[in-house]
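Trainee: I should like to request a close look at a single part of this model, the place where two of its chains meet. Please treat that part in full before turning to anything else.

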Amino acid sequence: MMPGPQSSLDAAGSAARVTGHLLWLFVIPLAIIFVIVVAIAVVAIFRKHRESGRPAVETERGLTRMVTGASVLTCVILLGLIAVSVSTGKAISDRAMPRNALTIEVTGNQWWWSVRYLNDDASLIVTTANEIHVPVGRPILIRGVSADVIHSFWVPGLIGKRDLIPSRVTTEWFTAEREGNYRGQCAEFCGLQHAHMAMWVVAESPARFQAWMNAQLGDSANPVTPAEQQGQKVFLEHACALCHTIRGTTANGQVAPDLTHLASRLTIAAGTLPNNRGNLAGWITDPQSIKPGNHMATVPLAAEDLHPLLDYLGSLR
Amino acid sequence: MTHPLVTPAGPPRVWDEQQDREALARTWHDPEGFLGWFYATTHQAIGKRYILTAFLFLLAGGVEALLMRIQLARPENHFLGPDRYNQIFTMHGTTMMFLFAVPVMEGMAVYLVPLMLGTRNVAFPRLNAFGYWMYVMGGIFLYANAATGAMPDAGWFAYTPLSGPQYSFGKGVDAWAQMITFTEISALCVAVEIAVTTFRLRAPGMSLNRIPLYCWSMLIQSFMVIFAMPAVMVASTVMLLNDRTIGTHFVNPAEGGDPILYQHVFWFFGHPEVYIIFLPALGFISAIVEANTKREVFGYPALVLSQVATGFIAFGLWVHHMFATGLPQIGEAYFTAASMMIAVTTGIQIFCWLATLWSGKVRMTAAMHFVFGFLFIFVMGGLTGVMLASIPLDLQSHDTYFVVAHFHYVLIGGALFPLFGAFHHWFPKITGRMIGERLGKLSFWLLFIGFNTTFFPMHILGLNGMTRRIYTYPASLGWASGNMIATVGAMIIALGGVVFIVNAIASLRSSVSAAPNPWNAPSLEWSVESPPPDWGFTYQPVVSSRSPLWADPALRTVVTGMRNDRREIMVTGVAEAEPQFRTVLPAASLWPFLAALGISIGFTGSIFAFSWYYVGAFLGALGMIGWFWPRPPKEIEP
Amino acid sequence: MSPARTLDVSALPPYEISNRAPLWWGQLLMAVIEGSLFCVLIAMYFYYRISVDVWPPPGVKPLGLTLPTVALIPLILSAGGSYAATEGAKRDDRRLMLAGLTANILLAIVFLVLRFIEWRTFNFTWASDIHGSIVWSILFLHTFDVIADLLMTAILIGIVADGRHGPKQRLGVHVDSVLWYFLVLIWLPFYVVVYWGPRLVGSR
């Protein structure tokens, strides 16, 4: 029951941190109220009664005072809670966002995340999938859209939910305050593989983030070894290229994750499996048993083609 | 009671009670036999059927819940695949909300309200039977579709566009959408009857301030049904089903439709729905507490007014289900404040019951155990509800297991525990047999412990990031132990359910018959024998107190002069319940069943082609003609 | 049992054809149910209206005003038939009941015929766009209710013509009018919204 990498209780983002404080501002008074109510009820069971039948007038008067007082107190406590809640809500609202935010467009798809780092200079736009890198200390604006059904962007350690809605744009912002890897997951039921629609947010120092950006901006690595060259050929000549993009090659499919820098990512299949050669092999040969119902087709591959393909994909750093 | 029509002195009227009972039995008894079963229109028969049918659906929903808990017990479990799991959680939510919770509350009201108000039947007995048949057929319709492979899998609120024509294939979602029409028609029928019965058919002298609190709850609930249920029919039938079957564009963004509007319309019903389930339960609590503390419930006007306020406020909170969609800030602040303020009206009621318990002589029957279980569980659920009204907290906990925990605390604690309490409380009245107190208390403790074991860890799971509606989860996120505990708790709940059923069956078979008023309760249903005769009251009582059986256990002021050879009831004034005129209820009839059957055929076909609506309308109209066509001389004589 | 006091109600009338009858209350609540359904539809209409710039959408011929406006005349007059039937029911005047009910049904049929003629001028269906979807839903549901009520009226004509009209059936005539008044009344806001709305609220 300890907080894991997807816990809201171990906050490392501005929005999640103030919300975490708010949680305790609510929990403590409410827990006290709960204990008092239950205690009164339990004592009432065992209490010795002096009278039976219709209670005396003065008893009723005393009860009236108690009930009125408790009701007024409830109002006061709730007004206080509304005040702290609304002020926290203001602090994390879009209007409170500092300037110089980095805008990241997240597109929900059944069942993966497409990620684009927006920039006025089109040549500086980075496209990736299922993994978001952010620099610590700089505000991040998430611009949410959806390609199909409603999804919800949620990284509990950093920020609360925002739905990604077809034909609409939603926004929210946060600042990562601590380096680390934070897991996020789609929070609005979106169909068969809703359970396997996760992502990782990597918060790192500005310098490392810039290095990552620079690497992501480039085209894919050219295959070097014969096996990698063979693997690229396999990729381009099979159905893979119809759905996936690998920049710098002729593969420019738009309906599945961009694989230009696949090997630099922590996971595959939207957070379903750690990104290693064995999992990748299993995923390519039989995606439907790992994530039943997902939209990746099982591409029939000759036995001798698999390892060159893995070599090639492994080289896409 | 000094009513102008009451004859206070003079020679007592002479009558033969035995003779009157025989005459009433001939008039009010529904036909016997298999076919006769379809004719029944007495509120007791219909009420019992509602309750029994709803409990069968509770069983189905419970089994579905257990299947989900087994799947989630361990990370990466393969007990259920994603398709099956999604279908089962959809069926669980749908069954519990539409086929169990609302109908069981309607059924209890159909049974209890006329007896508590001191009248012989609901205002529209044939409509009552029709409503029951629509409910049964809707339930059969959904489960028959599910059994033939068309099981809905888009969740109990079927958000578009996931549930729309582009992303949900097959007939499952269509069946879901049309099932709602069946059950809502049923709920609306009951709401109209209960409202009119409460306004117009109360025993003479039962002025507004003497109506039992349970009947007040049902009256308010009926109005909530009347205003809320049409919205869900618009959402499910007009928007979703028509988009799927005849190509309208209500939720299709490409042609100007809007999936968010579906959410608005759905939750405009969906939030009041919670109170539609919950208000009757509050009425149970008042009745059980009153009978078992031997004092009138403290703060009768406060309880009634806060329930009325709840009824109003409940229509102003629906947006708190949609905070994550990103609404304008000013609207958010309003909906936060309104959502928290409903805690005040609920709090006042809790305080009133606490005051009653504190100053009364508490008798710990099995029913009272469930009342205390209610106080514990519901108060916790209400307090987490206050947390969810806060937008920042909601953005972290919305659609997680924190919410799953919250609404099970509210619905199970706030509705199911009171319902089980009511079951134990009124079991002697309905069946004529005393219920086993020891097994009742045992089932309470199993359910109470099992419930908290299942759902308390879910709060923590949710805060630790576990989202709703996932069929599996990786081991690395720290959710395994919480889920295992929850599954163990679910098994304890199941055991409690078994004890509950065993107790009910054993008590039915026992030879301990129940006296008219085993709990020494104050309301009118306890004045007649257990189980009550078909006509309820041989002589309708005249009421002069809020607790008539405590004021005068023998109910010595009664109504005479009603005809026994037809189903006569008395209509009384709305405010003071002064006698106004008599009216005659229709006799038992097969037509409500036939009308419901005809309409059901149309609805069933409508998920395949729109033109089936016309078939349903035609068959339904034939049924209604038979229903209303007067058969002389009895049905047209003055 | 020896009750000390009794309330003898045998002198009370067995029926009352008035707004105090439970059936009247039930019919009123049924009207409230339909009213809240229609309110949801009107709210939806405006929600869709304000979310686009051009309404009705490009290519949709604006709805004509003449026919629906003319159709209001028989519709409103038909309520007079209902009123006459109600008065006949209260006085147990069979001929007045028959005349009122028949006038009601005939005028309503004129209204429906005008409506069906008008529908032929529409150049959109419910499947064209969102304007078509919401307008057709309103028109369909209202028409469905009108036909259902006319059917009820026809049954009542049959009952009265057959001489089976006891007080209970006369009460039926009375409450049938309640539903008809409601259907006439609820049409007026619909008429304004559907036909005048696009003209009064110009495009943004």
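How many residues does the contact take from chain C, and how many from chain B?

Mentor: The model is a predicted one, and what follows should be read accordingly. The contact draws 48 residues from chain C and 61 residues from chain B. On the side of chain C that touches chain B, the elements giving two or more residues are β1 (5–8), α1 (22–50), α4 (130–161) and α5 (167–200) of chain C. Of these, α1(C) gives the most, with 14 residues. Sorted by class, this side of chain C has 30 nonpolar, 11 polar and seven charged residues.

The strand β1(C) also deserves attention for its pairing across the two chains. It pairs with strand β2 of chain B, residues 557–560, in the parallel sense and over four bridges. Within this pairing, Leu7(C) of β1(C) stands opposite Val559(B).

Elsewhere in chain B, one residue may be examined individually. Thr160(B) is found in a loop of chain B, between α5 (125–147) and α6 (172–200). This residue counts as buried because 33 C-beta neighbours lie inside 10 Å, where the cut-off for a buried residue is 20 or more. If neighbours within four places in sequence are left aside, the contacts of Thr160(B) are Leu240(B), Val251(B), Pro259(B) and Tyr262(B). A further relation links Thr160(B) to Ile260(B): the two are 100 residues apart along the chain, and their C-alpha atoms are separated by 8.1 Å.

Chain A may be set beside this as a separate case of strand pairing. Three of its strands form an open sheet with mixed pairing, in the order β4-β10-β9. The edge strands are β4 (131–135) and β9 (180–185) of chain A, each of which pairs on one side only. On average, and with direction ignored, neighbouring strands of this sheet are turned by 25 degrees against each other. Strands β9(A) and β10(A), the latter spanning residues 198–204, run antiparallel and are joined by six bridges. Asn181(A) has Val202(A), in β10(A), as its bridge partner. Helix α3 of chain A, residues 206–217, lies across β4 and β10 of chain A and runs at about 135 degrees to β4(A).

Methods
Residues are numbered from 1 along each chain as its sequence is written. Chains are lettered from A and ligands numbered from 1 in the order in which they are written. This is a predicted model: local features need pLDDT of at least 70, side-chain atom pairs count only at pLDDT 80 or more; totals for chains, interfaces and linings use all residues. A residue is buried if 20 or more other C-beta atoms lie within 10 Å of its own, exposed if 12 or fewer, and partly exposed in between; C-beta atoms are placed from the backbone. Two residues are in contact if their C-beta atoms, placed from the backbone, lie within 7 Å. Ala, Val, Leu, Ile, Met, Phe, Trp, Tyr, Cys and Pro count as nonpolar, Asp, Glu, Lys and Arg as charged, and the others, Gly among them, as polar. Two strands pair if DSSP finds at least two bridges between them. Axes are lines fitted to C-alpha atoms, for helices over the stretch in contact, and angles run from 0 to 180 degrees between N-to-C directions.
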